[in-house]
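Visitor: Could you pick one part of this model, give me a close look at it, and then work outward from there?

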Amino acid sequence: MPHILITGANGQLGQALKAQFSSASRLTCWTRPRYDIADPAIAGAVAELAPDVVINTAAWTDVDGAEEAPRFAFEVNALGPKYLAEGCARCGGALVQISTNEVFAGEMGRFYHEYEQTSPGSVYARSKAAGEQAAAAVLDRLYVARVAWLYGAGSGNFAAKISAAADRHGALRVVNDEFGNPTYAPDVAAAVAKLIETQRYGIYHLVNEGCASRYDWAVELMRLTGREALPVEPIRASEWPRPTTPPRHAVLVNQAAAALGIALRGWREALREYAQTEFNS
Ligand SMILES: NC(=O)c1ccc[n+]([C@@H]2O[C@H](COP(=O)([O-])OP(=O)(O)OC[C@H]3O[C@@H](n4cnc5c(N)ncnc54)[C@H](OP(=O)(O)O)[C@@H]3O)[C@@H](O)[C@H]2O)c1
């Protein structure tokens, strides 16, 4: 069993990875403030620990908030992966850098494969794209694993928020012209575990199969949790103003991992398991 280090281990994906690797003989979990990936000294700490694989889930994930604090977003999302990669380069480890579908512009109707040019729009997206590049500049043993629309245990994700809003208001208004891949964090964790066994470094899109609008996602969750009678009104993104304009159709295609036999199940099937786990539905 390899020695795995998870950074940002208290986050949504960090928790799923902790569960995935709980039987690994050596698992180290780092959280801030003790282990701040934006601190250049983190490179030395990684080199000293000398894990076989670092899985970096730590990130500035407040997409709208990043517009007001670009310096801090870049410190965490661009320089953090660079420092971790430097540490890996010094100790002979590999790095799994978790990235995002938002590195693509998300033009309506487009489906993005791993080899396509990135074109990030928001501060958050630019900082994540910079993190991919900064890590690649110092480390060959690098997996860039792009994920999208993550949800799992906890209250901070779209599925949990929409469920709480349904209970609070008895009705929902949900954007129907923004598309993505709803992706279950435990499925990403299982895919990462398989990926690191391959030692085939490169860029991967680890998303549940299929795409959905936020409206589709909400309607399916209501159905799976016995709330199919709850009114859900489709609205346009322009009716739900935000400080950033999220990509409209940053839908990822998993080609590279699928070629290695690593494919995630369909998003509806994964959502069913989430509903059973979180809502006993
Ligand atoms: N959520 C999504 O829909 C989504 C979509 C695409 C890509 N991603 C990417 O997936 C990864 C995991 O996302 P997630 O949903 O699990 O995020 P999350 O729940 O917000 O977790 C991120 C974790 O990073 C930690 N962190 C933030 N700054 C740090 C720093 N400077 N040093 C160390 N730790 C720090 C946070 O610590 P605190 O607990 O102290 O705040 C938090 O525990 C991220 O790389 C994100 O960019 C997420």
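**Around the ligand**

Guide: Let's start with the shell around the ligand, where helix 1 makes the largest contribution, 3 residues. Helices here are DSSP runs of H or I at least four residues long and strands are runs of E with at least two, both numbered from the N terminus. One caution before going on: this is a predicted model, so local features need pLDDT of at least 70 and side-chain atom pairs count only at pLDDT 80 or more, while totals for chains, interfaces and linings use all residues. Residue numbers start from 1 along each chain as its sequence is written.

The whole shell has 27 residues, with G8, G11, Q12, A58 and A59 the closest. To be near the ligand, a residue needs its C-beta atom, placed from the backbone, within 6 Å of it. Helix 1 (12-20), helix 4 (70-91) and strand 4 (94-100) each put in at least two residues. By chemistry, the shell splits into 12 nonpolar, 12 polar and 3 charged residues. That sorting counts Ala, Val, Leu, Ile, Met, Phe, Trp, Tyr, Cys and Pro as nonpolar, Asp, Glu, Lys and Arg as charged, and the others, Gly among them, as polar.

Helix 4 turns up again in the largest nonpolar core. This core has 88 residues, and L95, A145, V192 and L206 touch the most other members; helix 4 gives the most to it, 8 residues. A core of this sort is a set of buried Ala, Val, Leu, Ile, Met, Phe, Trp, Tyr and Cys residues joined through C-beta atoms within 7 Å. Buried means 20 or more other C-beta atoms within 10 Å of a residue's own, exposed means 12 or fewer, and partly exposed is in between, with C-beta atoms placed from the backbone.

Follow V192 and you see how the core is stitched together. Leaving out residues up to four places away in sequence, V192 touches L17, I55, V96, A145 and L206. Touching, or being in contact, means that two C-beta atoms, placed from the backbone, lie within 7 Å.

V192 is also one of the buried residues of helix 7, along with A185, D187, V188, A189, A191, L195 and I196. An α-helix has 3.6 residues a turn, so residues three or four places apart point the same way. The 14 residues of helix 7 (185-198) should span 20 Å at 1.5 Å a residue, and the end C-alpha atoms are indeed 20 Å apart; the expected span is 1.5 Å times one less than the number of residues. A193, also in helix 7, counts as partly exposed because it has 17 other C-beta atoms within 10 Å. Beyond four places in sequence, A193 touches Q20 and F21.

Just after helix 7 comes Q199, with a positive phi of about 55°. Most residues other than glycine have a negative phi, and most peptide bonds are trans. Q199 sits in the loop that leads to strand 11 (202-205), and it is exposed because it has 10 C-beta neighbours inside 10 Å. A50 also has a positive phi, near 55°; its loop runs between helix 2 and strand 3 (53-56). For a peptide-bond oddity, look at R32 to P33, which is cis with omega near 10°. P33 lies in the loop between strand 2 and helix 2 (42-49).

Next to A145 in sequence, have a look at R146 in strand 6 (142-147). R146 is buried because 25 other C-beta atoms lie within 10 Å. Its contacts more than four places away in sequence are S99, T100, N101, V103, H205 and L252.

Zooming out, the protein has 10 helices and 16 strands, and 48% of its 281 residues are buried. Among contacts between residues at least 6 apart in sequence, 81% join residues at least 24 apart. The C-alpha trace spans about 55 × 40 × 35 Å along its principal axes. The radius of gyration, 18 Å, agrees with the value near 19 Å for a compact globule of 281 residues; it is taken over C-alpha atoms, and the globule rule is 2.2 Å times the number of residues to the power 0.38.
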